[in-house]
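Work through the exercises below with the sequence and the coordinates open side by side. Each task is followed by a solution that goes step by step.

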Amino acid sequence: MNDTTRQDDEAAARAANSPLVHDFGLLIKAATRLEQRIDTALRHECGIGHTMFEVLIRLCRQPDEEVSQRVLATDLTLTSSGITRLVDRMEEAGLVRRVPSPEDRRSVLVEPTAQGRAVFLRAAAVHADVVERYFVAPVAGDDYARLTGSLREIHQALREGAD
């Protein structure tokens, strides 16, 4: 191995083992594993995945609010075809229904059905249990408040930095 290759390898190893890379990796791994636990629990207990739960949160947040598929796609960072397929599956499962928009004939609104609201309420309890067990309980009270405050600050900085 020549000196340049050795120096490049050492520089790459330092970069890969940097505290920033490590700490961000912990955040991603924790968030991914928590999301997987939530998804597994929701599928087992309620028959829906985490993404369907996120749609139901959005639809149930404000009673009688009209939510278009376009707004859902934006809120959930899905493509228009992705949200269409998801709403198709949710409609087939009896969780939501599409209704024409009274203001715009080209727009379709999505609303929860009675069954969708019932599934959402069950799923919200399951979600809360998993979040309490794996996100809240492992962290001391003062640390939890600092953690959530820091997450809000990071979220705000990312929103402000969006172009």
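The exercises that follow treat aromatic pairs, a buried acidic residue and the largest pocket.

This is a predicted model, in which local features need pLDDT of at least 70 and side-chain atom pairs count only at pLDDT 80 or more, while totals for chains, interfaces and linings use all residues. Residues are numbered from 1 along each chain as its sequence is written, and side-chain values use heavy atoms, with hydrogens and water left out.

**Exercise 1.** Determine how many aromatic pairs there are, and classify each by its geometry.

Solution. Begin with the rule: rings of Phe, Tyr and Trp (its six-membered ring) pair if their centres lie within 6.5 Å, and planes under 30 degrees apart count as stacked, over 60 as edge-to-face and the rest as tilted. By this rule the count is two. One of these, F53 with F120, is stacked, at 5.7 Å centre to centre and 25° between the planes. This pair links distant parts of the chain, since F53 lies in helix α3 and F120 in helix α6, 67 residues apart; helices here are DSSP runs (H or I, at least four residues), numbered from the N terminus. For accessibility, buried means under 20% relative accessible area, exposed over 50% and partly exposed in between, with a 1.4 Å probe and protein chains only. F53, at 2%, is therefore buried, and F120, at 15%, is buried as well. Turn next to F135 and Y144, whose ring centres are 5.6 Å apart with planes at 80°, so that the pair is edge-to-face. F135 is partly exposed at 24%, and Y144 is partly exposed at 24%.

**Exercise 2.** Is D39 buried or exposed, and which residues does D39 contact beyond its neighbours within four places in sequence?

Solution. First locate D39, which lies in helix α2. Its relative accessible area is 17%, so D39 is buried. Then, with contact taken as heavy atoms within 4.5 Å, and those sequence neighbours left aside, D39 is in contact with I48, G49 and H50.

**Exercise 3.** Describe the largest pocket by its volume, and then by its lining.

Solution. A pocket is an open set of points on a 1 Å grid over the protein atoms alone, where a 1.4 Å probe fits, with protein on both sides within 12 Å along at least five of seven lines; lining residues have an atom within 4 Å of a point. The volume, the space filled by probe spheres set on the points, is about 1,100 Å³. Of the 24 lining residues, L27, A31, L34, F135 and L151 are the closest to the centre. Finally, α2 (19–46), α3 (50–60), α6 (114–136) and α7 (141–160) each supply at least two residues of this lining.
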